[in-house]
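Q: Could you walk me through this one feature at a time? I'd like to learn how to read it properly.
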Amino acid sequence: RILYQEWKKALHVTQTGYEKACSILSQHKSIRIGFPGNSSDTTHILTVIQEFAQTYPDIDISMDTADSMELRRGIASEKYDVVFAPSYEYEYYNINGYQSRLFGASPIELCVGKSSAVAGREYFSKELLKDESLLLLPEEIAPDYNLFIQNLCEKRQIPYHTVVTMENLQSAYISLIRGQGFFFLSSSWFPGLAAEGFYRYQLSHEKGGILMVWNKNTANPVISELKKCIHY
């Protein structure tokens, strides 16, 4: 009788555990993804998401494009499970305890207008920039970009005459077209500068790109392991 009573309790616990497990498996599962709408890596991101959707058809996927500040706020408020952000924002995410990896690396280039005195040279010297203005963007448009670029100039000993903060990316385009100053970019950050009217010099060994950022686990996932960021 004692054995029967104990076994009955054990059977009840086992059955309850099985039912709980089945309940979890039947729960609604989703992944919420945010990425910058102006990134040239968007096509690659969408390709990966499409492969993920085909591999895990039972998981709902929501996607949203936003600027850098909105992506930061979104992952902090758990609006997103994973975001894609410019790589120059790495330090912000690192300091605040997020996990990240570089996604879609591309070279960092120095960009000038074709009307600039330093454009189109077969042999480009950093000394050519000592009388030129370095163009930057406001913090609210490109968080951490200015610090990243100034550190890059210091590390690479790239001179500049003055630092000019432009009102927005469009005003930087206009200044470049007029031959006023130079600008640094990765095609992942600002793909519009690939257009006609600009001349670009690649910086050896310098890479930019897009970060994949998440806050759900401690291991570094490859892009095919987006499943680790599933929201229940």
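Q: Which residue in strand 8 is the bridge partner of Pro86?
A: Start with the strand pairing, and keep in mind that this is a predicted model. The partner of Pro86 in strand 8 is Ile210. Strand 3 and strand 8 run antiparallel to each other, paired over 5 bridges.

Q: Which strand pairs with strand 3 in the parallel sense?
A: That's strand 1 (residues 30-35), over 2 bridges. Here Gly34 has Val83 of strand 3 as its bridge partner.

Q: Why is strand 3 (residues 82-86) described as largely enclosed by the rest of the structure?
A: Look at burial, residue by residue. In strand 3, 5 of the 5 residues are buried, so the strand is largely enclosed by the rest of the structure.

Q: Which residues touch the most other members of the largest nonpolar core?
A: That core has 32 residues, and the ones touching the most other members are Leu137, Tyr145, Ile149, Phe183, Phe184 and Phe190. Two or more residues each come from strand 4, strand 5, helix 5 (145-156), helix 6 (169-177), strand 7 (183-186) and strand 8. Zoom in on Ile149: leaving aside residues up to four places away in sequence, Ile149 touches Leu134, Leu136 and Phe184. There's also a second, separate core of 15 residues, with Ile33, Ile210, Met212 and Leu226 among them. You've met Ile210 already, as the bridge partner of Pro86.

Q: How many aromatic pairs are there, and why is the pair of Phe124 and Tyr201 called stacked?
A: The general idea is that two numbers, the distance of the centres and the angle of the planes, describe a pair of aromatic rings. The count here comes to 13 aromatic pairs. For Phe124 and Tyr201 the centres are 3.9 Å apart and the planes are at 20 degrees, so the pair is stacked. This pair links distant parts of the chain, 77 residues apart: Phe124 is in the loop between strand 4 (99-113) and strand 5 (133-136), while Tyr201 is in strand 8 (residues 198-214). Phe124 is partly exposed at 28% relative accessible area, whereas Tyr201, at 8%, is buried.

Q: What kind of pair do Phe182 and Phe184 form?
A: An edge-to-face one, with 5.7 Å from centre to centre and 80 degrees between the planes. Phe182 and Phe184 are both buried. Ring pairs also join Tyr88, Tyr145, Phe148, Phe183 and Trp189 into a cluster.

Q: Where does the charged end of Arg72 sit?
A: Over the ring of Tyr92, 3.7 Å from the ring's centre. Arg72 also forms a salt bridge with Asp144, where the closest N and O atoms are 2.5 Å apart. Arg72 lies in helix 3 (residues 68-76) and Asp144 in the loop between strand 5 and helix 5, 72 residues apart. Both Asp144 and Arg72 are buried.

Q: How many salt bridges does the structure hold, and which residues do shared partners join into one network?
A: There are 12 salt bridges. The network contains Asp64, Glu70, Arg73 and Lys79. Within it, Lys79 and Glu70 have their closest N and O atoms 4.0 Å apart. Lys79 is partly exposed at 40%, and Glu70 is partly exposed at 27%.

Q: Are Lys29 and Asp58 buried or partly exposed?
A: Lys29 is buried, at 14% relative accessibility, but Asp58 is partly exposed at 47%. Their side chains meet in a salt bridge of 2.9 Å, N to O.

Key. Residues numbered from 1 in each chain as written. Predicted model: local features only at pLDDT ≥ 70, side-chain atom pairs only at ≥ 80, totals over all residues. Heavy atoms only, no water. Phe/Tyr/Trp six-rings, centres within 6.5 Å; stacked < 30°, edge-to-face > 60°. Helix = DSSP H or I, 4+ residues; strand = E, 2+ residues; numbered from the N terminus. Buried < 20%, exposed > 50% of the residue type's maximum accessible area, 1.4 Å probe, protein only. Lys NZ or Arg CZ within 6 Å of the ring centre and 35° of its normal. Core = buried A, V, L, I, M, F, W, Y, C linked by side-chain atoms within 4.5 Å. Contact = heavy atoms within 4.5 Å. Pairing = 2+ DSSP bridges.
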